[in-house]
Amino acid sequence: MKKFTPTSYKLKNVSNGRLFEDEGWTLDDPEGGAPSLIRAEYAKKQIEVGPEEEGLYRFSDWLPVKRTLNGSAAPVTYKSEALAAELGLNNLYITFNGWFPERGGRMTTCSFKETEAFSVCGRMDDNFDKVLVVASAGNTARAFAKVCSLNNIPLLLCVPEDNIDALWFDEPLNDCVKLIASRSGADYFDAIHLSNIAVTSDKFIAEGGAKNIARRDGMATTMLSATHFIGEIPDYYFQAIGSGTGAIAAAEANMRLIEDGRFGNKRMKLMLSQNAPFLPIYHAWKACSRDLLPLDDNEARRQVEIIDAKVLSNRRPPYSIGGGLYDCLKWSGGDIMDIDNDFAAEASRLFQKLEGADVHPASAVAVASLIKAAPSLDKNAIIMLNITGGGEKIMKADKKLHYLKPVKVFDIDPNPEEVLGFVETLF
């Protein structure tokens, strides 16, 4: 790979438009103000997409990275024939994130969370001296574990105990990766609480979630892949959501592509979906509410136990914040659908039969939402279906798998001093 030059950009407060410099790991506007996401404003307004062998970093013009890392793969986009014909759609494009060698998909964790991890860790410079802390419901943890293991980056993962079966790998991990868990019955929000305790120590630093521009712009490469392949901005974008960060990223990429000027000026409609009965974003959107509606913690945990797509279980998504999901849905003229387990399972079987690859439960929810919406869509509309994870059955078929086990499991409401005392001894 050619010598890499760090990407040039400034940061922008989405709510008030203020521009300022990135101090290295800036997650918020240092001058405060109303709660708002910050966004990267890249010096290069017209993206030059590099060759495939550069992996994710072929999109580095619009990634806030200081270096490139080993082992990355980019999303791949292709035009659907079988599923498109089944649904009566003439211009259905599938952006596949996962293991699908037949189509060029080579993400070994089988999830688009790899796009986040390679971008976030690329935002670090070689002198970064903190232990990165990541809370996850499963796929994000697997992606960060892979990237940090391959590149010797210290990482503390916080995951619900019920989700640790998602932490499988095709090779043993470097000892720089450690896992702690919230005991059985906990959900993603409990894992976030555990991570929040850890980062009160100066030894650790929060990855930042949706507030981290590198996470969003890494995920935005799905949209860049599709638009580059198609040659224009799609009319519709289908994706299942937990936090909605990927959808925010797609909208932000849409804005940059309009400014680029070579791909049209369409505002692509975000067609999003959640797995019923866990529907906090769906209910707020349908109620025309910028704020999420009240949801009892225990009821939320009960709903999360029911859904098959456990990764879609974020109780504190970046929905209301300036530049967040509510604003992006409004900007795009989009909508949200509810999809139950049975419908998603049917959609999963149909996708595998017609397209040739298995998909994760979250991707099955997205496929089901496309099936649901298809009769009302213009058959000639340009549609992007974001398969956020898939190919796991293909990937696992001929490989010995290795699992990451927690070094400690904590109570759902742990003693902060106990957590800190333990994690500080790990690194």
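The following paragraphs lead through selected strands and the two largest pockets of a predicted model. Residues are numbered from 1 along each chain as its sequence is written, and side-chain values use heavy atoms, with hydrogens and water left out. Because the model is predicted, local features need pLDDT of at least 70 and side-chain atom pairs count only at pLDDT 80 or more, whereas totals for chains, interfaces and linings use all residues.

Strand β1 covers residues 9-13; strands (E, at least two residues) and helices (H or I, at least four) are DSSP runs numbered from the N terminus. Its side chains alternate: Y9, L11 and N13 point to one face and are buried, while K10 and K12 point to the other and are not. Buried here means under 20% relative accessible area with a 1.4 Å probe, protein chains only. β1 pairs in the antiparallel sense with strand β3 (residues 38-42) over five bridges, and Y9 has Y42 as its bridge partner in β3. Pairing requires that DSSP finds at least two bridges between the strands. β1 also pairs with strand β2 (residues 19-20), again antiparallel, over two bridges, where L11 is partnered by F20. These two strands form a hairpin with five residues between them, and G17 in the turn has a positive phi of about 80 degrees.

Strand β5 (residues 92-100) has nine of its nine residues buried, so it is largely enclosed by the rest of the structure. Four bridges join β5 to strand β4 (residues 76-79) in antiparallel fashion, while six bridges join β5 to strand β15 (residues 383-390), which runs parallel to it. Y93 takes part in both pairings: it is the bridge partner of K79, and its own partner in β15 is M384. β5 further forms a hairpin with β6, with four residues between them, and G104 in the turn has a positive phi of about 95 degrees.

The largest pocket has a volume of about 870 Å³. Of its 46 lining residues, Y188, G209, A210, R215 and N314 are the closest to its centre. A pocket is an open set of points on a 1 Å grid over the protein atoms alone, where a 1.4 Å probe fits, with protein on both sides within 12 Å along at least five of seven lines; lining residues have an atom within 4 Å of a point. A volume is the space filled by probe spheres set on the points. Helix α4 gives the largest share of this lining, five residues.

The second largest pocket holds about 470 Å³. Its lining receives most from α13, with three residues.

How values were computed
Buried means under 20% relative accessible area, exposed over 50%, partly exposed in between (1.4 Å probe, protein chains only).
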